[in-house]
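Let's take a walk through this fold, from its overall layout down to a few residues that deserve a second look. Have the sequence and the 3D view open as you read.

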Amino acid sequence: MFSLLSHLYTTYLTPPPSTLLILGLDSSGKTTLLEALKQLHSSSSGQAQLNPDQIRPTVGVNCVKLDHPLSKVTAYDPSGAPASRSLWSHYYEDCSAIIFVLDSGEVDRAEEVSLVYGSVMGEVGRGKGGVPVAVFANKRDLAGERHALTKLDLEDILPADSRRTVRYFEGSAREACGSEKGTGRGGGEEVRAMMEWVVREGVRKKR
Ligand SMILES: Nc1nc2c(ncn2[C@@H]2O[C@H](COP(=O)(O)OP(=O)(O)O)[C@@H](O)[C@H]2O)c(=O)[nH]1
Ligand SMILES: [Mg+2]
């Protein structure tokens, strides 16, 4: 009886697992975004929260569990340094959704972004075409100080793939760190909206 109840609970009441992969060039703000997601969807495993000023360049990969009402999400944030990008493919197989982050102020790296993005799209979910992708134009808080790419520019710059579900977002991962949960205060609205989309699409496509 207990095992039946436990089975029913696990099957119908526990949110299904999913895997989120955060990719992008080095220094685009992936780990800062992961920190913002951690603060918005903190998990019961008690992971330490970092001030964005404490974040150092990633060596290897960061892995965080996020509690979302629709899914128990495991998020991976691998290093984006050129020498590390070949390791990203180890995470493609189980990936439910991708957030591709770029620094919207780094206009001079637009070509590199486009190449790297194109190669990820060529490899992830080949044959399935089902892995949803959120492209996040980060560091919009600095946009006033310099020429910056908007999400509309990205639709032109990044190679399109009609078989794939892609949505463009823009915002500031740094400002989203420390946003009050649920209120969107502190610049977290766009990051929250992106996470909602990514989890919903990732879970839907997985079924
Ligand atoms: N102004 C601003 N700086 C940011 C933002 N996101 C990240 N950064 C900064 O960009 C640098 C690289 O961030 P990091 O998260 O380590 O990038 P990663 O290499 O992609 O993981 C750090 O100095 C961050 O504080 C943002 O939204 N706005
Ligand atoms: Mg990092």
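Starting at the N terminus, the elements come in the order α-β-α-β-β-β-α-β-α-β-α-α. That makes 6 helices and 6 strands in the chain. Keep in mind that this is a predicted model. Of the 207 residues in the chain, 39% are buried. Take the contacts between residues at least 6 apart in sequence: 73% of them link residues at least 24 apart.

**The sheet around E1**

A good place to begin is strand E1, residues 17–24, where 7 of the 8 residues are buried. E1 has a parallel partner in strand E3 (residues 71–78), with 5 bridges joining the two. If you want a landmark for that pairing, look for proline 17, which sits opposite lysine 72 of E3. E1 also runs parallel to strand E4 (residues 97–103), again through 5 bridges. Here the landmark is isoleucine 22, whose bridge partner in E4 is isoleucine 99.

E3 has another partner in strand E2 (residues 61–68), and this time the strands run antiparallel, joined by 8 bridges. E2 and E3 form a hairpin, with 2 residues making the link. Asparagine 62 pairs across to aspartate 77 in E3.

Here are the pairings side by side:

| Strands | Direction | Bridges |
|---|---|---|
| E1 and E3 | parallel | 5 bridges |
| E1 and E4 | parallel | 5 bridges |
| E2 and E3 | antiparallel | 8 bridges |

**A residue in the middle of things**

Now zoom in on E4, the strand that holds valine 101. Is valine 101 buried or exposed? It counts as buried, because 29 C-beta neighbours lie inside 10 Å and the cut-off for buried is 20 or more. Setting aside neighbours within four places in sequence, valine 101 touches Ile22, Gly24, Ser28, Gly29, Lys30, Leu33, Phe136 and Asn138. Lysine 30 is a nice example of the fold bringing distant parts of the chain together: valine 101 is 71 residues away from it in sequence, yet their C-alpha atoms are 6.2 Å apart.

**Around ligand 1**

Lysine 30 turns up again at ligand 1, where the closest residues are Gly29, Lys30, Thr31, Thr32 and Arg174. In total, 20 residues surround the ligand. By class, that shell breaks down into 5 nonpolar, 10 polar and 5 charged residues. Helix H2 (30–40) and helix H5 (173–176) each put at least two residues into it, and H2 gives the largest share, with 3 residues.

**H3 and its two sides**

Helix H3 covers residues 110–123, and its length checks out: 14 residues at 1.5 Å each should span 20 Å, and the end C-alpha atoms are indeed 20 Å apart. Which residues of H3 are buried? They are Val113, Val116, Tyr117, Val120 and Met121. Looking down the axis, the buried residues of H3 fall within an arc of 135°, so they line one face of the helix. The spacing makes sense, because an α-helix has 3.6 residues a turn and residues three or four places apart point the same way. What does the buried face of H3 pack against? Its buried residues pack against E1 and E4. On the other side, Glu111, Leu115, Gly122 and Glu123 are exposed. After H3 comes glycine 125, with a positive phi near 60°.

**Two unusual backbone angles**

Glycine is not alone in having a positive phi here. Serine 27, in the loop between E1 and H2, has a phi of about 75° without being a glycine. Serine 27 is partly exposed, with 17 other C-beta atoms within 10 Å. Lysine 139 does something similar, with a positive phi of about 65°. It lies in the loop between strand E5 (133–138) and helix H4 (151–157). Lysine 139 counts as buried, because 26 C-beta neighbours lie inside 10 Å.

**The C-terminal helix**

To finish, look at helix H6, residues 189–206. Its 18 residues reach 26 Å from the first C-alpha to the last, close to the 26 Å expected at 1.5 Å a residue. Buried residues in H6 include Val191, Met194, Met195, Val198 and Val199, and charged ones such as Glu190, Arg192 and Glu201 are also among them.

How values were computed. Residues numbered from 1 in each chain as written. Chains lettered and ligands numbered in written order. Predicted model: local features only at pLDDT ≥ 70, side-chain atom pairs only at ≥ 80, totals over all residues. Buried ≥ 20, exposed ≤ 12 C-beta atoms within 10 Å, placed from the backbone. Helix = DSSP H or I, 4+ residues; strand = E, 2+ residues; numbered from the N terminus. Pairing = 2+ DSSP bridges. Near = placed C-beta within 6 Å. Expected span 1.5 Å × (residues − 1). Arc of directions from axis to C-beta. Contact = placed C-beta atoms within 7 Å.
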